[in-house]
Amino acid sequence: MNSLKWLREARERLRSSGIRFPEKEAEEILSFIGINPVLLYRDNPELKEDELKKLQEILTRRLKREPLQYILGYAEFLDLRLKTKKGILIPRPETELVALEAIKEAERLSEENIFILDLCTGSGCIAISVAKRIKNSTVYAIDISEKAIELAKENASLNSVENIYFLKGNLFEPIKDIGIFFHIITSNPPYVKSEDISSLEPEVKDWEPIEALDGGEDGLDYYRKILEKAPQYLRPGGWLILELGTGLYKDVLSLAKLYKFHNISALKDLSGIERVLKCQRGGFYEDSYSYR
């Protein structure tokens with residue numbers, strides 16, 4: 001069988017199973033065995049028996065709605081390739097907006113040393129992206145999952161990123177005594193309403209960790225905790241950059257105002273959804289004049 005014939009057949013099987021982007025995924029599966037789109041459409045190579053066997057194994061798993069990133073073992077995120085593993089949230093294109101906004105604000109700073117904190121780091125996608133681009137940064141990345149921390153450390157090593165520390169714990173708890181005030185805090189927290197989890201796509205609800213998805217009854221549990229505590233860890237003028245769940249912008253905006261953040265704005269994703277909330281800490285705290 002030639003590659004284009006396999007692509008057409010796989011595309012139709014994926015489409016029939018309800019998979020959203022069947023042609024793109026079929027191309028990704030072929031790329032995994034070394035047949036990239038240029039080679040595919042230019043040469044249409046014949047598939048060897050062992051290649052067909054591998055392709056069938058991958059396709060069979062995908063048709064059962066196992067996420068392709070778990071099957072292939074990696075996900076692309078900005079200029080990184082990150083390992084993926086069941087039990088850790090898969091990096092998503094929307095989350096790139098958080099990383100890019102943090103990079104943009106960090107590049108504006110003139111300080112010799114820039115301190116950045118990433119909460120609910122998961123695979124480390126935001127933290128590693130920012131640390132790699134901002135060479136004069138020290139990034140702290142926190143997650144409550146030991147499994148996530150182990151994978152994030154591995155991803156940092158694979159991408160030759162050393163200016164980063166990974167800490168296990170619940171939100172700010174691991175850094176409460178280190179005496180650092182951050183220029184930027186980022187987070188992609190759990191934000192799916194508890195009652196909505198059962199209606200998510202099978203790839204998400206059946207495979208990804210519920211604890212990385214469930215934001216409580218109204219989806220705001222983590223936003224409340226982060227927005228309440230963040231001013232204690234941000235420098236005056238420091239930025240808090242949060243990924244938003246669909247439809248949560250107004251509620252999170254109200255929380256940001258409640259906790260006295262300023263210069264609040266939203267960034268929309270390609271679908272026109274308010275996907276990132278960015279806000280700035282104003283004023284001084286009596287205990288926050290000395291910085292490291």
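Which elements do the buried residues of α2 pack against? I kept that in mind while going through this predicted model, and here are my notes, in the hope that they help as you look at the structure.

1. **Helix α2 and its neighbours.** To take the opening point straight away, the buried residues of α2 pack against α1 (3-16), α3 (37-43), α4 and α5 (68-72). The buried set consists of P22, E25, A26, E27, I29 and L30. Do notice that E25 and E27 are among these buried residues. Just past the end of the helix, G34 has a positive phi of about 100 degrees.

2. **How α2 meets α4.** Helix α2 covers residues 22-32 and helix α4 covers residues 49-63; their axes come within 10 Å and cross at roughly 140 degrees. Angles over 145 degrees would count as roughly antiparallel, and α2 and α4 are therefore oblique to each other. The crossing is right-handed. On the α2 side the contact is made by E25, I29, L30 and F32, and these meet K54, L55, I58 and R62 of α4. Sorted by class, this contact has five nonpolar and three charged residues, with no polar ones. E25, I29 and L30 are worth a second look, as they belong to the buried residues of α2 and also take part in the contact with α4.

3. **How α1 meets α4.** Helix α4 has another partner to look at in α1: the two pack at an angle of about 15 degrees, and their axes are 11 Å apart. Because the cut-off for roughly parallel is 35 degrees, α1 counts as roughly parallel to α4. Here, too, the crossing is right-handed. From α1 come W6, A10, R13 and L14, which meet L52, L55, Q56, L59, R62 and L63 of α4. The classes are seven nonpolar, one polar and two charged residues. If you are colouring the model, try L55 and R62: they are part of the α4 side in the contact with α1, and they also appear in the contact with α2.

4. **The α6 and α7 pair.** Further along the chain, helix α6 (residues 96-108) packs with helix α7 (residues 125-133) at an angle of about 30 degrees, the axes being 9 Å apart. That angle makes α6 roughly parallel to α7. α6 passes α7 in a right-handed crossing. V98, A99, L100, A102 and I103 form the α6 side of the contact, while I126, S129, V130 and R133 form the α7 side. By class there are seven nonpolar residues, one polar and one charged.

5. **The buried face of α10.** In helix α10 (residues 221-229), the buried residues are Y223, I226 and L227. Viewed down the axis of α10, they fall within an arc of 95 degrees, so they line one face of the helix. As a reminder, an α-helix has 3.6 residues a turn, so residues three or four places apart point the same way. What does this face of α10 pack against? The list includes several strands, namely β3 (114-119), β6 (182-187), β7 (234-243), β8 (261-268) and β9 (274-281), together with helix α11 (249-258).

6. **Two backbone spots to check.** Most residues other than glycine have a negative phi. I would therefore point you to C120 and N263 as a pair of places to view. C120 is not a glycine, yet its phi is positive at about 60 degrees. C120 sits in the loop between β3 and α7, and a relative accessible area of 21% makes C120 partly exposed. N263, also not a glycine, has a positive phi of about 45 degrees. N263 belongs to strand β8 and is exposed, its relative accessible area being 51%.

7. **Two residues for orientation.** R42 is in helix α3 and, at 60% relative accessibility, counts as exposed. The C-alpha atoms of R42 and S110 are separated by 48 Å, with their positions 68 residues apart along the chain. E146 is placed in helix α8 (residues 146-158); at 39% relative accessibility, E146 counts as partly exposed. For E146 and L89, which are 57 residues apart along the chain, the separation of the C-alpha atoms is 13 Å.

Terms used: Residues numbered from 1 in each chain as written. Predicted model: local features only at pLDDT ≥ 70, side-chain atom pairs only at ≥ 80, totals over all residues. Heavy atoms only, no water. Axes fitted to C-alpha atoms, helices over the stretch in contact; angles between N-to-C directions. Helix = DSSP H or I, 4+ residues; strand = E, 2+ residues; numbered from the N terminus. Parallel < 35°, antiparallel > 145°, perpendicular 65-115°, else oblique. Left-handed = near helix turned anticlockwise from the far one by under 90°. Contact = heavy atoms within 4.5 Å. Nonpolar A, V, L, I, M, F, W, Y, C, P; charged D, E, K, R; others polar. Buried < 20%, exposed > 50% of the residue type's maximum accessible area, 1.4 Å probe, protein only. Arc of directions from axis to C-beta.
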